[in-house]
Amino acid sequence: MYQLTLTKGERDAFDWVGNRYAAREIARLLLGCMEEGVEWDNEGEIVFSVPEHVAWEINRLAEEEDYLWPCFAPELSSKLNAFCQAIV
């Protein structure tokens with residue numbers, strides 16, 4: 001399992017980008033990695049426990065967009081790239 005922690009603001013960025021780019025598909029994948037009882041819209045941070053096969057799918061989607069994370073702030077883009085680079 002891989003861990004990815006996203007703040008409310010970072011999850012809001014996924015919502016703002018919506019169906020553009022790979023953001024919607026990646027958000028959908030992350031929704032499946034939340035603990036039971038946790039909601040995407042909860043305040044504060046959410047720690048996602050991402051299975052390896054899902055991490056590789058997120059990496060594939062990011063790679064298709066050259067790891068640019070269109071419309072995301074540089075800090076969020078860096079966090080997501082670090083997540084992808086940690087997959088072994």
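How are helices H1 and H2 oriented to each other: parallel, antiparallel, perpendicular or oblique? In this predicted model, the axes of the two helices cross at roughly 135°, and H1 and H2 are therefore oblique to each other. The notes below start from that helix pair, move on to H2 with H3 and the nonpolar core, and then visit a handful of individual residues.

**H1 against H2**

- Helix H1 covers residues 8-17 and helix H2 covers residues 23-31, and their axes come within 8 Å.
- The handedness of the H1 and H2 crossing is left-handed.
- On the H1 side, the contact is made by Phe 14, Asp 15 and Val 17; on the H2 side, the partners are Ala 23, Arg 24, Ile 26, Ala 27 and Leu 30.
- Sorted by character, the residues of this contact comprise 6 nonpolar and 2 charged, with no polar ones.

**H2 against H3**

- Helices H2 and H3 pack with their axes 10 Å apart, at an angle of about 170°.
- An angle over 145° counts as roughly antiparallel, so H2 is roughly antiparallel to H3.
- From H2, the residues that meet H3 are Glu 25, Ile 26, Leu 29 and Leu 30, and H3 answers with Val 54, Glu 57, Ile 58 and Leu 61.
- The contact of H2 with H3 divides into 6 nonpolar and 2 charged residues, again without polar ones.
- Leu 30 and Ile 26 of H2 appear here in the contact with H3, and they also appear in the contact with H1.

**The nonpolar core**

- Nonpolar side chains tend to be buried together in soluble globular proteins.
- In this model, the largest nonpolar core has 30 residues.
- Which residues have the most contacts inside this core? They are Phe 14, Leu 30, Phe 48, Val 50, Ile 58, Phe 72 and Phe 83.
- At least two residues of the core come from each of strand E1 (2-6), H1, H2, strand E2 (46-50), helix H3 (52-64) and helix H4 (74-85).
- Phe 48 is a good residue to click on: setting aside residues up to four places away in sequence, Phe 48 touches Tyr 2, Gln 3, Leu 4, Leu 6, Arg 11, Leu 30, Cys 33, Met 34 and Trp 40.

**Ala 27 in H2**

- Is Ala 27 buried or exposed? With a relative accessible area of 2%, Ala 27 of helix H2 is buried.
- Not counting residues up to four places away in sequence, Ala 27 touches Phe 14 and Trp 40.
- Ala 27 and Trp 40 are 13 residues apart along the chain, and their C-alpha atoms are separated by 9.4 Å.

**Ser 49 and Gly 9**

- Ser 49 sits in strand E2 and is partly exposed, at a relative accessible area of 26%.
- The contacts of Ser 49 are Met 1, Tyr 2, Gln 3 and Cys 33, leaving out residues up to four places away in sequence.
- From Ser 49 to Glu 75, the C-alpha to C-alpha distance is 21 Å, with their positions 26 residues apart in sequence.
- Gly 9 belongs to helix H1 and counts as partly exposed, at 48% relative accessibility.
- Gly 9 and Glu 43 lie 9.0 Å apart in space, C-alpha to C-alpha, and 34 residues apart in sequence.

**The loop between H3 and H4**

- Most residues other than glycine have a negative phi.
- Which phi value does Asp 66 have? Its phi is positive, about 55°, although Asp 66 is not a glycine.
- Asp 66 lies in the loop between H3 and H4 and counts as exposed, at 57% relative accessibility.
- Cys 71 is found in the loop between H3 and H4, and its phi is near 75°, a positive value in a residue other than glycine.
- Cys 71 counts as partly exposed, at 42% relative accessibility.
- Tyr 67 also has its place in the loop between H3 and H4, where a relative accessible area of 29% makes Tyr 67 partly exposed.
- Beyond its neighbours within four places in sequence, Tyr 67 is in contact with Asn 59, Ala 62, Asn 81 and Cys 84.
- The C-alpha atom of Tyr 67 is separated by 20 Å from that of Phe 48, which is 19 residues apart along the chain.

Conventions: Residues numbered from 1 in each chain as written. Predicted model: local features only at pLDDT ≥ 70, side-chain atom pairs only at ≥ 80, totals over all residues. Heavy atoms only, no water. Axes fitted to C-alpha atoms, helices over the stretch in contact; angles between N-to-C directions. Helix = DSSP H or I, 4+ residues; strand = E, 2+ residues; numbered from the N terminus. Parallel < 35°, antiparallel > 145°, perpendicular 65-115°, else oblique. Left-handed = near helix turned anticlockwise from the far one by under 90°. Contact = heavy atoms within 4.5 Å. Nonpolar A, V, L, I, M, F, W, Y, C, P; charged D, E, K, R; others polar. Core = buried A, V, L, I, M, F, W, Y, C linked by side-chain atoms within 4.5 Å. Buried < 20%, exposed > 50% of the residue type's maximum accessible area, 1.4 Å probe, protein only.
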